Structure formats: structure tokens, C-alpha cells
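Here's a quick tour for anyone meeting this structure for the first time. Take a look at it below, and then we'll start with one spot in the backbone and work outwards.

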Amino acid sequence: MTEISICKESGFRAGPNCKNKIEQFVQNSGLKTKPCPYHVLVHLDASKSYRVNTSCENLTAISNTSWFVLPPLMEFYYKSKNPFYKSLPSFRNDCTGKEEINMEFIYPKDNNIIFLPKGLDGKINDLVLKIAHSKPKSIIYWYLNKHFIGKTTDILYLAIIPKEGKHIITAVDEIGNEIKRTI
Ligand SMILES: [Zn+2]
């Protein structure tokens, strides 16, 4: 066994950007594991509420901060149990920065067979389509087999009752990112 630093938030071997580290003995084979991928260095403005870069801010006014960033689907579940989780701030409007947009389906899973049970009132329950998005306030356009079925703003779910059969569900965000599910 060898004693190494572990990232307290992720449980990975601590990397250079991890803030809270704990020392723990691990088996020597565990020394080959990758360092924590979720603590990343981000560049923030003085208010620490926006990400900036040198296109819009003086180098001296940029603060480099370590931030715990999870992919959207993980973030969705982690956030519900961890009130202290703060999503990565977005770029300030005057910055030319690349915002990495990520969206994923939370439900349904791909190639899933879904049964819509009847409720006590005899009505068929809805299928609730749900996605996680790195910008939670995005406008989402929903399609069922290429037919537009609705638009949601601020919320990332939509209830539908599709007919029995094979369906392709598509969600497109306001800047054209697209994800699909076959059920
Ligand atoms: Zn970490």
C-alpha cells in the first residue's frame, strides 16, 4: 500500500486543481489511476460571476480559480443532493469565448422499451422526456419522428403520449445542438 492524496469531492487521485485533499492508503496498483478530471482551472472576472479571457479583460484582472465541473447528466443528479454545487459560470457577454455546450437525455434511455401504465383514473400516464443541459435556461425544441411537438423554455422536460411503435425523439437547443433517442 502507498499513501496518496485523494480529491475529496470526486474520489479520484488528487490533481493540481483539486482543493480539498485527503491522504489515504491505496493498493500500489491504484497508483496507475488517472487524476481527478472534474477540477478544472477557469478564468473569472473580478466579480467571480463570469468567465472571461484576454479578448475582453486585462490579464491582471483575471483570476484563475479551480472549479468543480461535472458533465450535465452527472451534474443533474449531483446537484439534487449537494446544495453547494455551483454550475460553471458562463462567459461574459463581451468576450469572444467558446462555450462548450453539452446536453444529454436523462430519460428515456436509448433503445428502451417503454410501457405507459394507466393511472387509477383510467388515463394513460404521460411519457416524460427529460434532458440535462449545461445551460439550464436554454430553449429546447422537441421532435417526435421529425414532427415538431413542442418548445420548452426554462424547463428541460416535456410530457407526451406517443402511439405504440418505434419512435425517434429529438431535442434541439436554441443554437442547434441536437440529441436523439430511439424508443
Ligand atoms: Zn478533484
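Let's begin at Pro108, which sits in the loop between E5 and E6. The peptide bond leading from Tyr107 into Pro108 is cis, with omega near 0°. Keep in mind that this is a predicted model, so everything here describes a prediction.

**The overall picture**

- The chain has one helix and 11 strands.
- Following the sequence, you meet them in the pattern β-β-β-β-α-β-β-β-β-β-β-β.
- The radius of gyration of the chain is 21 Å, while a compact globule of 183 residues would come in near 16 Å.
- Along the principal axes, the C-alpha atoms fill a box of roughly 60 × 50 × 25 Å.
- Of the 183 residues in the chain, 13% are buried.
- If you take the contacts with a separation of 6 or more, 52% of them link residues 24 or more positions apart.

**Two domains**

- The chain splits into domain 1 (2-81) and domain 2 (103-182).
- How far apart do the C-alpha centres of domain 1 and domain 2 lie? The distance is 32 Å.
- Where the two domains do touch, four residues of domain 1 are in contact with six residues of domain 2.

**The three-stranded sheet**

- Here's an open sheet of three strands, in the order E5-E6-E9, with antiparallel pairing.
- Strand E5 (103-107) and strand E9 (157-160) are at the edges with a single partner strand each, so each has one side without a neighbour in the sheet.
- On average, neighbouring strands of this sheet are turned by 25° against each other, direction ignored.
- Four bridges hold the antiparallel pairing of E5 with strand E6 (residues 127-133).
- Within that pair, Glu104 stands opposite Ala132 in E6.

**The four-stranded sheet**

- There's also an open sheet of four strands, ordered E8-E7-E10-E11, and its pairing is antiparallel too.
- Its edge strands are E8 and strand E11 (178-182), which each pair on one side only.
- Neighbouring strands in this sheet are turned by 20° against each other on average, again ignoring direction.
- Strand E7 (residues 139-144) and E8 run antiparallel and are joined by six bridges.
- Across that pairing, Ile140 faces Thr152 in E8 as its opposite number.
- Is strand E8 (residues 147-153) buried or in the open? The number of buried residues among its seven is zero, so E8 lies largely in the open.
- At the other side of the sheet, strand E10 (residues 168-173) and E11 run antiparallel, with five bridges between them.
- Ala171 has Ile179 in E11 as its bridge partner.

**What's packed inside**

- Which residues make up the largest nonpolar core? There are six: Met103, Ile131, Ala132, Ile140, Leu156 and Ala171.
- Leaving aside residues up to four places away in sequence, Met103 touches Pro72, Ile131, Ala132, His133, Ala171, Asp173, Asn177 and Ile179.
- A second, separate core has five residues, including Ile6, Cys7, Cys18 and Cys36.

**Loops worth a look**

- Asn145 is in the loop between E7 and E8, and that hairpin has two residues between its strands.
- Although Asn145 isn't a glycine, its phi is positive, at about 50°.
- Asn145 has 12 C-beta neighbours inside 10 Å, so it counts as exposed.
- Asp154, in the loop between E8 and E9, is another residue other than glycine with a positive phi, near 70°.
- With 9 C-beta neighbours inside 10 Å, Asp154 counts as exposed.
- Ser29 belongs to the loop between strand E2 (21-26) and strand E3 (39-44).
- Why is Ser29 called exposed? Because it has just 7 other C-beta atoms within 10 Å, and a residue with 12 or fewer is exposed.
- Ser29 and Tyr143 are 114 residues apart in sequence, and their C-alpha atoms are 48 Å apart in space.

Terms used:
Residues numbered from 1 in each chain as written. Predicted model: local features only at pLDDT ≥ 70, side-chain atom pairs only at ≥ 80, totals over all residues. Rg over C-alpha atoms; globule rule 2.2 N^0.38 Å. Buried ≥ 20, exposed ≤ 12 C-beta atoms within 10 Å, placed from the backbone. Contact = placed C-beta atoms within 7 Å. Pairing = 2+ DSSP bridges. Axes fitted to C-alpha atoms, helices over the stretch in contact; angles between N-to-C directions. Core = buried A, V, L, I, M, F, W, Y, C linked by C-beta atoms within 7 Å. Domains from an automatic or database assignment.
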